[in-house]
Structure formats: C-alpha cells, structure tokens
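User: Please take a close look at the aromatic pairs in this structure. How are the rings placed, and where in the chain do they lie?

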Amino acid sequence: MGMSEKERKTIRTGVNYGSVSSGLLPENGRFMRLYKLGARKFLVNNVSPLGCIPFAISTKKPTTPCVEETNERVSMYNNKLLPNFLTELQLTLAGSKFVLGDLHKVFKDVYASPASYGAE
C-alpha cells in the first residue's frame with residue numbers, strides 16, 4: 001500500500017476501516033470472491049468527511065465546524081492510499097477496471113450548502 005511496515009504500525013489511517021468495509025482487503029474475501037466469479041469492473045467510493053458527522057462533532061467538540069484531525073486522516077486515505085491501492089489491484093488482476101467514486105465531494109457539498117439539498 002505504499003507504506004513501510006513501521007509506518008503501518010505508527011501512522012493511524014482509515015485504510016483498514018475503509019478497505020474492510022468495502023471488501024477490498026484480501027483478508028475480507030468478498031472482493032476476491034466476486035473477481036473469481038468473473039466480475040471485472042468495480043466502482044469503489046472513497047470515504048466521506050467523517051469529521052463532519054454529528055457523532056464526531058458531539059464527541060470531540062471542535063472549535064471549527066468539523067473535526068479537522070479526522071478529516072485530515074480521511075484525506076490521506078482518499079487522496080493517496082486508496083488510489084494507489086486501486087492502481088495496484090488493477091495492474092495485478094487481469095482485465096480488471098476500478099473506478100473511484102468521489103463520495104467525499106458529494107458530502108462536502110451537502111455540508112457546505114444543506115439548503116440546496118433540501119436540508120435545513
């Protein structure tokens with residue numbers, strides 16, 4: 001995943017949470033099961049800004065609208081780790097195609113302008 005063994009142990013990232021929930025890590029098995037059954041095209045969404053969800057805000061009580069520390073970790077995962085991992089998978093798995101959906105941008109837009117989406 002582009003990180004050394006030491007970095008994996010010392011840098012806290014969302015990579016295991018995001019990947020396991022989407023079934024990408026080999027330990028999870030769901031993704032490879034689909035590939036073995038013939039699936040070759042995959043849409044993988046990145047992670048939404050978790051620092052902006054009500055639970056994070058009520059738990060951490062940030063001085064900003066969102067918990068920026070959490071969002072920085074999400075950004076590391078979304079901008080570096082996940083795209084690199086998907087590129088690696090596409091090169092490794094013959095005939096596969098991975099499309100990265102930008103769920104993060106969708107939610108950032110909703111948080112920035114909730115009235116545009118029917119929320120108050």
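Analyst: What follows describes the aromatic rings, after a short view of the chain that holds them. The model is predicted. Its protein chain has 6 helices and 2 strands, in the order α-α-α-β-α-α-β-α from the N terminus. Of its 120 residues, 29% count as buried.

There are 2 aromatic pairs in the structure. One of them joins F42 and F98: the ring centres are 5.1 Å apart and the planes meet at 15°, a stacked arrangement. F42 belongs to strand β1 (residues 41-45) and F98 to strand β2 (residues 97-101), so this pair links parts of the chain that are 56 residues apart in sequence. F42 counts as buried because its relative accessibility is 11%, and buried means under 20%. F98 is also buried, at 8%.

The rings of F107 and Y111 also form a pair, with centres 6.2 Å apart. Their planes stand at 40°, so this pair is tilted. F107 and Y111 both lie in helix α6 (residues 103-112), and because they are 4 residues apart there, about one helical turn separates them. Both residues are partly exposed: F107 has a relative accessible area of 32%, and Y111 has 33%.

Another aromatic ring has a charge as its partner. The charged end of R40 sits over the ring of Y35, at 3.8 Å from the ring centre.

To put the two pairs side by side: F42 and F98 are stacked and lie in two strands, whereas F107 and Y111 are tilted and lie in one helix, α6.

Technical notes: Residues numbered from 1 in each chain as written. Predicted model: local features only at pLDDT ≥ 70, side-chain atom pairs only at ≥ 80, totals over all residues. Heavy atoms only, no water. Buried < 20%, exposed > 50% of the residue type's maximum accessible area, 1.4 Å probe, protein only. Phe/Tyr/Trp six-rings, centres within 6.5 Å; stacked < 30°, edge-to-face > 60°. Lys NZ or Arg CZ within 6 Å of the ring centre and 35° of its normal.
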